[in-house]
Amino acid sequence: MSGNETGKDVRELLARVPAVERVLSSVGAQRLIAEYGRTQVVDAIRAAADALRRELLAHASFDTSFNFEAKLVEDAARALAARSRPRLRAVFNLTGTVLHTNLGRALLPDDAVRAVIEALTRPMNLEFDLATGSRGDRDDLIDDLICELTGAEAATVVNNNAAAVLLTLSALASKKEVVVSRGELVEIGGAFRIPDIMSRAGAKLREIGTTNRTHPKDYDEAINPRTALLMKVHCSNYAIEGFTKSVSVDEVARLAHARRLPMAVDLGSGTLVDLAQFGLPTEPTVRETVDAGADLVTFSGDKLLGGPQAGLIVGRAELIRKIKKHPLKRALRVGKLTLAALEPVLRLYRAPELLRERLTTLRLLTRPAADMQAQAGRVQTVLQHALGDAYSVTAEPMMSQIGSGALPVDQLPSVGVVIRNAAGKRGGRALMKLEAALRALPRPVIGRMADDALRLDLRCLETADEAAFLAQCAELRL
Ligand SMILES: *Cc1c(COP(=O)(O)O)cnc(C)c1O
């Protein structure tokens with residue numbers, strides 16, 4: 001075929017690409033317009049036509065026996081569907097970390113979900129006092145409940161615990177000094193570091209003691225006329241072991257009060273109930289911390305508490321009043337969805353006997369081993385079938401973590417499946433491929449890679465979700 005003939009062929013082919021207007025009048029395009037609106041469909045068909053022209057120019061001799069118009073509609077439909085798929089999607093968290101920050105931390109119980117839907121679709125008395133008909137304060141909706149559950153005098157809620165700490169320091173210690181033990185200058189995942197928050201709040205950090213040991217006299221000697229606050233920070237994500245000494249909340253509070261200073265605790269996870277009663281490792285509760293003499297306690301809403309992202313500040317009424325008056329409070333306040341979700345979660349704590357069943361986070365943390373064991377058998381069978389001989393799938397005991405910094409050294413015995421490359425050697429590549437394939441499923445599956453094996457911890461695969469998980473295993477493409 002001479003160059004001229006090829007040029008002629010290409011021109012003929014290009015001429016066969018239908019005009020966008022003509023494609024738009026087809027039944028298929030009309031169906032797309034009904035779903036996506038005309039603007040998006042016009043753009044998608046134009047893009048599909050451009051792509052087709054480029055393809056024809058590049059490969060003049062490829063098979064062109066298909067219907068151009070139908071192809072443009074199909075290509076546009078595919079592009080529109082891909083573009084419309086939500087970017088924020090549900091996944092299966094089989095990492096073994098129950099409160100996984102990157103996977104959204106606590107899952108809300110049904111009552112909270114219903115309340116959020118109501119708040120999304122109906123006007124609410126967010127800042128409206130129904131008794132008097134006058135303007136209200138959004139904190140009034142739940143501060144009694146928080147006080148009831150923590151024994152504190154007053155409470156307020158902001159965007160997250162980082163905001164709670166920033167606001168507390170800004171309101172109480174701006175241009176003044178805050179005394180913190182060197183053993184408690186923590187970094188919580190990336191951007192939250194106590195020294196940085198301190199300087200952002202305009203407070204001067206007064207470090208005392210050493211990394212492993214801090215004594216009461218270290219606090220006492222650091223106090224001077226510029227001191228605004230003594231602060232303790234819960235070592236959420238690490239533990240100092242060995243030759244260590246730290247000063248307890250009640251001791252630091254006593255030292256602060258003797259010098260007429262307030263004492264604050266950043267509790268991090270801040271559970272509202274003693275977890276030991278559920279067979280879990282012990283964490284200090286908010287009530288214990290308040291009882292020990294802390295004047296202010298800050299903690300997260302979406303860690304062990306099991307609610308939405310929020311930062312709770314509880315403590316003495318006059319200090320909470322000061323915090324609420326600070327301009328940053330307005331910038332850091334929570335929205336109605338957060339309040340709608342938080343209230344029913346807090347209410348669950350009034351019935352501690354039922355908490356294990358109703359509070360999703362606690363239900364996952366206390367999931368019976370026998371449940372997970374039985375489930376591991378079912379998952380193993382289905383996965384082994386889906387993966388074929390190239391991989392070996394076994395049900396094995398493993399260790400889960402609470403996550404989000406709660407109880408960093410304590411692990412929970414769990415059960416899951418472990419997938420290894422049957423060939424043994426060069427298993428790494430195949431496992432990476434498998435891991436990517438699991439992430440590419442309609443509801444992506446996130447596991448944990450360790451020791452040349454992919455581990456899928458089943459603690460967070462509740463029975464209600466199991467069928468959906470097993471069904472999509474058949475769609476695995478390796
Ligand atoms: C998690 C944590 C924070 C940050 O809380 P967010 O709710 O994630 O903002 C701050 N301090 C401590 C000790 C924590 O554990």
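Colleague: How far apart do the end C-alpha atoms of residues 14-53 lie?

Modeller: This is a predicted model, in which local features need pLDDT of at least 70 and side-chain atom pairs count only at pLDDT 80 or more, whereas totals for chains, interfaces and linings use all residues. Residues are numbered from 1 along each chain as its sequence is written, and side-chain values rest on heavy atoms, with hydrogens and water left out. For residues 14-53 an unreviewed UniProt entry gives "domain: L-seryl-tRNA selenium transferase N-terminal", an annotation that, like others from UniProt, may be inferred rather than shown by experiment. The span is 85% helix and 0% strand (helices, H or I, of at least four residues and strands, E, of at least two are DSSP runs, numbered from the N terminus), and its end C-alpha atoms are separated by 6 Å.

Colleague: Which residue does UniProt list for "modified residue: N6-(pyridoxal phosphate)lysine"?

Modeller: The residue in question is found in the loop between strand E9 (296-300) and strand E10 (311-315). According to the unreviewed UniProt entry, the modified residue "N6-(pyridoxal phosphate)lysine" is Lys303.

Colleague: Is Lys303 buried or exposed?

Modeller: Leaving out residues up to four places away in sequence, Lys303 touches Leu99, Arg105, Ala106, Gly268, Ser269, Thr361 and Ser404 (contact means heavy atoms within 4.5 Å). With a 1.4 Å probe and protein chains only, under 20% relative accessible area means buried, over 50% exposed, and in between partly exposed. Because its relative accessible area is 4%, Lys303 is buried.

Colleague: How much of the ligand does the protein bury?

Modeller: Among the residues around the ligand, each with a heavy atom within 4 Å of it, are Arg105, Asp266 and Lys303. A polar side-chain atom of Asp266 lies 2.6 Å from a ligand nitrogen atom (a polar contact is a pair of N or O atoms within 3.5 Å; within protein, one must be able to donate a hydrogen and the other to accept it, and residues adjacent in sequence count only if both atoms are side-chain atoms). Ligand oxygen atoms lie 3.0 Å from an N or O atom in the side chain of Arg105 and 2.8 Å from a polar side-chain atom of Lys303. Taken alone the ligand exposes 390 Å² (Shrake-Rupley method, 1.4 Å probe), and the protein buries 95% of that.

Colleague: How many residues of the shell around the ligand are charged?

Modeller: Ala, Val, Leu, Ile, Met, Phe, Trp, Tyr, Cys and Pro count as nonpolar, Asp, Glu, Lys and Arg as charged, and the others, Gly among them, as polar. By that division the shell holds 3 nonpolar and 6 polar residues, while the charged ones number 3.

Colleague: Which side chain does a polar contact of 2.9 Å join to that of Glu177?

Modeller: Glu177 is found in strand E3 (residues 177-181) and counts as buried, because its relative accessibility is 4%. Its contacts, leaving aside neighbours within four places in sequence, include Lys204, Arg206 and Arg226. The polar contact of 2.9 Å joins the side chain of Glu177 to that of Asn224.

Colleague: Is Arg260 buried or exposed?

Modeller: Arg260 sits in the loop between helix H11 (249-258) and E8, and its phi is near 60°, a positive value in a residue other than glycine. Since its relative accessibility is 80%, Arg260 counts as exposed.
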